Amino acid sequence: MATTTTELSSPPRDGASPAPARAAKERTQLPHVLFALPALVMFGVFALLPLLGVIALSFTTWNGIGAIEFTGLTSWKEVLSRSSTWNGLALVVLMVVATWLTQTPLSILLGAFLAGPQRYRNVLAVLYFLPLLLSSAAIAITYKSLLDPNFGLASGLNMDVFALNWLGDTTLVWYVVLFVIAWQFIPFHTLIYQGAVRQIPQSMYEAAQIDGAGRVRQFFSITLPQLKYTMITSSTLMVVGALTYFDLIFVLTQGGPGVATRILPLDMYLTGFRGNEMGVASGLAMMLVVLGLGLALGVQRLGGKDASASQMEGA
Amino acid sequence: MNRNWLGGTLGWLWLIVVLLPIYFVLITSFKSMAAYFGSNPVVPALPPVIENFIAVLEADFGMYLLNSVVVAVGTVVPLVIMAFMASYSIVRGSRRVFNPVRNLFLLGLAIPVQATIVPIYLLIIRMHMYDSLAALMLPAIAFGLPLSILIIANSLRDVPKELFEAMDIDGCTEWQKMWRLALPMTRPALVTVAVYQALLSWNGFLFPLILTQSPDKRTLPLALWSFQGEYATNIPVVMAAVTLSSIPIVVLYAVGRRYLVSGMTAGAGK
């Protein structure tokens, strides 16, 4: 940023000037700086500033209405001593792990399947995409009705399995939440993998076929290794996304039964906006930020150094 | 022969899983209350009734729809323009100056939006914008920038350098190069970003929940949620509301699908 300010102070002369390019090289950055400015200001004010605000507010006991006073570690002591903090943290970690374990294999298999040449697969891809178009609120409301023991699927399909108290049982509710989230987001990751599988050179498969490798062998020896970078992209979006499944759970379960699905973001919302403890909520938010950055970096790291370099390259 | 039994079986099974709830929503929204309580939930009731849709339309649905449209347009248009201009600088400007800028936006991809709602709430109050539609657009623009810039910059990088050099020889300014050359060349990426961000805006729930209060400022997802609270016992009406709220975005998707999918996969495959 220091360099940008010095550029700003130099006299404005843009590319239209016939002056020798080398002398004008640094000065001609001015139009670029101006082009980037609106985005930078917007991002600075409404994304980076709030990020710093989270840190600052976590050292206050602001109630959401009154004056904001710095009270040192008071809110942090509360954050660390509440049992719901640790409950929410454990649940959100469970959410991230379970989401990744269920959605990644399914998305890869479906993506590889959809990457095939048949025409009907394009139709399938359109239909697969539908859940992604619906709002989380709509999806949660739909599943609430579907799982109604009296008028939902249970009575229609006449299967006892649907008649369980899906949303009222502290264990079962997790299967529901994971399933609904998979229903909503597997299409997105499937499409990413579909695109990536299509980019794998066909000659690799032909060579493998000549060597006598079967479908399964080809999948594990060619498709999967070739999807490495895509897996990093998809996994990053998936795990950071799993931290933000707020709205779906909010509408579907309200965090219940009890505190069974009160994951960290939900706990933060309820603490801040229902309990008027914005300081504590900010402390919880900081945990989320650290978790998000840590997970994103962790996934990149797992993918190896060259992988993260290639990701940066893409930007 | 391409025989992928596991993928194939899974593919068709997943299709059923995907379509069953959508089918349920559709048939239920055409059922009368009596039919809903009396008939099999997976079998459509005949004749279909449209009274549920009329009830939804009479419950200010038009206003919520308009709010959602205003917020989506007010978010997507400035967002795409800002992201495009910033991408141009990042790709065409000096590396030394703009590498840090690019990294800053990349960092944004890892920040969970939810984590910043308390300060955003404070900021919006201090700006005297609480309970306005503009309050929903500003943070959405900011948080849409990182991914948009990633996608647009990727596509801008594929524009051959020779074209820019040719315009240099003609004495064009950066401004002219940006709008006359870069803009048409990156149009598919811009449409991708616009459709995707419109989708996110249309389905946004958290910002409306926190930054607005009056019923006349509700966007569709929030309206749907409060509607569900009021009509908890009248599921067919709620399902009609779910259907109606989804139609505009399905139409938008039908129009922009080609771009959305190609742009998304191009960005992800790199």
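**Exercise 1.** Classify A:Gly294 by its relative accessibility: buried, partly exposed or exposed?

*Solution.* Start with the cut-offs: buried is under 20% relative accessible area, exposed is over 50%, and partly exposed lies in between (1.4 Å probe, protein chains only). A:Gly294 has 41% relative accessibility, so it counts as partly exposed. Next, place it: A:Gly294 is in helix α15 (residues 278–302) of chain A. Helices here are DSSP runs (H or I, at least four residues), numbered from the N terminus.

This is a predicted model: local features need pLDDT of at least 70, side-chain atom pairs count only at pLDDT 80 or more, and totals for chains, interfaces and linings use all residues. Residues are numbered from 1 along each chain as its sequence is written, and side-chain values use heavy atoms, without hydrogens and water.

**Exercise 2.** How far apart are A:Gly294 and A:Trp183, in sequence and in space?

*Solution.* In sequence, 111 residues separate A:Gly294 from A:Trp183. In space, the C-alpha to C-alpha distance between A:Gly294 and A:Trp183 is 26 Å.

**Exercise 3.** Describe how α3 and α6 of chain B pack.

*Solution.* Take the geometry: α3 (residues 51–92) and α6 (residues 134–157) of chain B have axes 7 Å apart, at an angle of about 40°. Axes are lines fitted to C-alpha atoms over the stretch in contact, and angles run from 0 to 180 degrees between N-to-C directions. That angle makes α3(B) oblique to α6(B); oblique means not under 35 degrees (roughly parallel), over 145 (roughly antiparallel) or 65 to 115 (roughly perpendicular).

How values were computed. Chains are lettered from A and ligands numbered from 1 in the order in which they are written. Helices (H or I, at least four residues) and strands (E, at least two) are DSSP runs, numbered from the N terminus.
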